Amino acid sequence: MLQGEVAGLLGLSRGGRPVCDDEESLFLQLMADLVASAVANTRLWREVAEHTREVAVLEEVDLRAMRGLPLMRVLGVLTRTARELTKSERSSLNALNADGQSQTRLMMQGQGLRWLRKRYIPMQRGLAGWVIQHGEPAFSNDLPSDPRVDHQIMHDLGLHSGAVVPLLVNGKVIGCLSVYNRPQQEPYGQHDVSVLTHLATHAVTAIE
């Protein structure tokens, strides 16, 4: 973008003569290249710093999960970490009930939870239910129009995006870890699924 702005500047003329002579043009182009390189490096270092912080948090979770803390405390740490690392508004960890048709919310973190706890949501109507039924991760950045969920329920709950991974024991689904409502300018992606899968593994270990 900066190179383009400089090119536009070089194309200007005054009285049929270029605003900048060849030496000035070369200097401006060099400065534009340096600034563009600095911006790219800044973004790269920001990404590296974010990744380093993420790894440190995951390592801390690993240590906590292995220290034999009470189950609900471990699940609280994992659910909160899932919400923070994915920059989500809400997170929850659900267990599949013995009937195979309903879920129990073991742990929830984030906004609007008091009302949400009182709301019964048929399992098959949400993204979490889809993941439990199919046994595979899923994410959506447009839940109100996603064919896998009940659009009215998503609207009522104020959910516009989400990512969910299953909790698996010997290939059998026993629940799921979910996060919802990430800032729309930062959509959910495969990296978020990887982070949630890592945390879900520790949740399974703690539950077992």
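Q: Lys87 is found in the loop between helix 3 and strand 3; why is Lys87 called partly exposed?
A: Lys87 has a relative accessible area of 35%, and because buried means under 20%, exposed means over 50% and partly exposed is what lies in between (1.4 Å probe, protein chains only), the value of 35% puts Lys87 in the partly exposed class. The helices and strands here are DSSP runs (H or I of at least four residues for helices, E of at least two for strands), numbered from the N terminus. This is a predicted model, in which local features need pLDDT of at least 70 and side-chain atom pairs count only at pLDDT 80 or more, while totals for chains, interfaces and linings use all residues. Residues are numbered from 1 along each chain as its sequence is written, and side-chain values use heavy atoms, with hydrogens and water left out.

Q: What makes the phi of Lys87 worth a remark?
A: Most residues other than glycine have a negative phi, whereas Lys87, which is not a glycine, has a positive phi of about 55°. Asn170, in the loop between strand 6 and strand 7, likewise has a positive phi, near 55°.

Q: Why does Asn170 count as exposed, and why is Asn94 called buried?
A: Asn170 has 82% relative accessibility, so it falls on the exposed side. Asn94, which is found in strand 3, has a relative accessible area of 7% and is therefore buried. Among the residues that Asn94 touches, leaving out those up to four places away in sequence, are Gln103, Leu167, Ile174 and Cys176, where contact means heavy atoms within 4.5 Å.

Q: How do you know that strand 3 and strand 7 pair?
A: Two strands pair if DSSP finds at least two bridges between them, and strand 3 (residues 90-96) and strand 7 (residues 172-180) have six, in the antiparallel sense. Strand 3 also pairs with strand 4 in the antiparallel sense, over seven bridges. Leu93 can be followed to both sides, since its bridge partner is Leu177 in strand 7 and Met107 in strand 4.

Q: What makes strand 4 and strand 5 the edge strands?
A: The open sheet has five strands in the order 4-3-7-6-5, with antiparallel pairing, and strand 4 (103-110) and strand 5 (138-140) each pair on one side only.

Q: How do you know that the charged end of Arg148 sits over the ring of Trp130?
A: The rule asks that NZ of Lys or CZ of Arg be within 6 Å of the ring centre and within 35 degrees of the ring normal; the charged end of Arg148 is 5.2 Å from the centre of the Trp130 ring and counts as sitting over it.

Q: What makes a set of residues a nonpolar core, and which residues touch the most other members of the largest one?
A: A nonpolar core is a set of buried Ala, Val, Leu, Ile, Met, Phe, Trp, Tyr and Cys residues joined through side-chain atoms within 4.5 Å. The largest here has 21 residues, of which Leu93, Leu167, Leu177 and Leu196 touch the most other members. Helix 3, strand 6 (162-169), strand 7 and helix 7 (190-207) each give two or more residues to this core, and helix 7 supplies the largest share, seven residues. Apart from this core lies another, of 16 residues, including Ala128, Ile132, Ala138 and Val149. In soluble globular proteins, nonpolar side chains tend to be buried together.
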